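This text goes through a structure step by step, beginning with the packing of two helices and ending with charged side chains. Please keep the sequence and the model in view while reading.

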Amino acid sequence: MLANYLIGLREGLEAALVVSILVAYLVRSGRQDRLRPIWLGVSGAVGASLLAGAVLTFTSRSMSFRAQELFGGLMSVLAVCFVTWMVFWMRRASRHLKGDLQQKLDTALAMGTGALALTAFVAVAREGLETALFIWTAVQATGDTAAPVAGAFLGLVTAIVLGYLLYKRSVKLNLATFFRWTGAGLVVVAAGVLAYGFHDLQEAGWLTAGGLDRVVLDATGVLPPSSWWGTLFKGLFSISASPTRLELGAWLAYLVPTMVLFLRPAPRGGGPAPAPPAPAVHRPSSTSETVTS
Amino acid sequence: MKSALLSLGIGLGLTLAATACSSDDAGGEAIAITSGTTECRVAQTALAAGKHRFQVQNTGNQATEVYVYAAGDKVVAEKENIGPGTKATFSVTLAAGTYEIACKPGQTGSGIRQPLTVS
């Protein structure tokens, strides 16, 4: 029961964090009317995951190991692109929050609506398929006992409650503090997702540098995956307690420059609002490979 | 709103396409693997080369993961996060050779190993 609870909690935590920050951001900027695309993105991802998971569980179809890892890996890289875009988009838009530039903020929001929905979608869908497979197999097991599905379900509910508490807390924060902390938090989460994605791509055989057996450091002794603190660590930071060289390299190569760029002081003066660009296609692989190989 | 719906449609389509395209029938019965607290039972340890489906049943009290290793602990397939009391299925194409199946209750360590011969 506890083990299944922890799996549910970990799978749900990261998506809950991203979505609650998105929602808090829109509420803070007084754009509750923009919440609908977010919920559309979330429910779309939940629906698609449950459907795909059900097809794979209840029919004789099965996804090959490599295909599954490839899907997870590419979704992770995509999620990192969207979350990075979102962080910098929030940073840019927040400069117009003072009131006099409300119109420019509105323009930025209008252009970002589709991307916001997709960010929410990708954040949930990334772990969604795996979670759905887990839930459906737990449902299948209920012939013998209902404990697994109850545990997994309670874990997911806890993740959602934690996301809600974060939302409650963050809408009370001072605006500047809110942007700084949620943005920096998201950058850390994204770095973990990227490392995790690289691990999946390594497993799928797409990235061969290093190798899966090349574990740089092993902290599973202090952060056992079966413990609640190991679960919280993995759920919050996504980084594995025993990363491979490539994983750690990708994590650092993303985290350090992105954090520096994010924390750099905003340029003064109210120039024209830069239009939010389409989510930049990051090519983190090129930078990280120079680090790791 | 229109653009939100459009982007969503694209996202939905991609997810479902990824599942539909990559999934196919791995013919025959799934090979049962029982991962317990101290055991790792594999129903068949000699297989013909080709695509095989494995079904893991976790009978232990911790979450488990199962690996298929080729010589030198090269990961050929892996299924993690199998909760206690649940089952999980994965499929993998195996070329002739010798392999090891490892069950890792608690998801750490080198696991309980079983040899697997593919000819």
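The model is predicted. In chain A, helix α1(A) packs against helix α5, which spans residues 147-170 of that chain. Two packed helices are described by the angle between their axes and the distance between the axes. For α1(A) and α5 of chain A, the angle is about 25° and the axes lie 7 Å apart. Angles under 35 degrees count as roughly parallel, so α1(A) and α5(A) are roughly parallel to each other. The crossing of α1(A) past α5(A) is right-handed. What kinds of residues make up the contact of α1(A) with α5(A)? Its residues comprise 18 nonpolar, nine polar and one charged.

Helix α1 also takes part in a salt bridge. Side chains of opposite charge can pair when their charged atoms come close. Here the side chains of A:R126 and A:E14 form a salt bridge, with 2.8 Å from N to O. A:E14 sits in helix α1 (residues 2-28) of chain A and A:R126 in helix α4 (residues 102-140) of chain A, so that the pair links distant parts of the chain, 112 residues apart. Are these two residues buried or exposed? Buried means under 20% relative accessible area. A:R126 has a relative accessible area of 5% and is therefore buried. A:E14 is likewise buried, with a relative accessible area of 5%.

Chain B has salt bridges as well. One of them is formed by the side chains of B:R113 and B:E100, at 2.9 Å from N to O. This pair, too, links distant parts of its chain: B:R113 belongs to strand β10 (residues 112-118) of chain B and B:E100 to strand β9 (residues 97-103) of chain B, and the two residues are 13 apart. Partly exposed covers the range between under 20% and over 50%. B:R113, at 23% relative accessibility, therefore counts as partly exposed. B:E100 is partly exposed too, because its relative accessible area is 31%.

Salt bridges that share partners also join residues into a network: A:E14, A:R126 and A:E127 are connected in this way.

Another salt bridge in chain B brings together the side chains of B:E39 and B:R41, with 3.2 Å from N to O. B:E39 counts as partly exposed, at 31% relative accessibility. How many salt bridges does a search of the whole structure find? Over all chains, the search finds six.

Technical notes
Residues numbered from 1 in each chain as written. Chains lettered and ligands numbered in written order. Predicted model: local features only at pLDDT ≥ 70, side-chain atom pairs only at ≥ 80, totals over all residues. Heavy atoms only, no water. Salt bridge = Lys/Arg side-chain N within 4 Å of Asp/Glu carboxyl O. Helix = DSSP H or I, 4+ residues; strand = E, 2+ residues; numbered from the N terminus. Buried < 20%, exposed > 50% of the residue type's maximum accessible area, 1.4 Å probe, protein only. Axes fitted to C-alpha atoms, helices over the stretch in contact; angles between N-to-C directions. Parallel < 35°, antiparallel > 145°, perpendicular 65-115°, else oblique. Left-handed = near helix turned anticlockwise from the far one by under 90°. Nonpolar A, V, L, I, M, F, W, Y, C, P; charged D, E, K, R; others polar.
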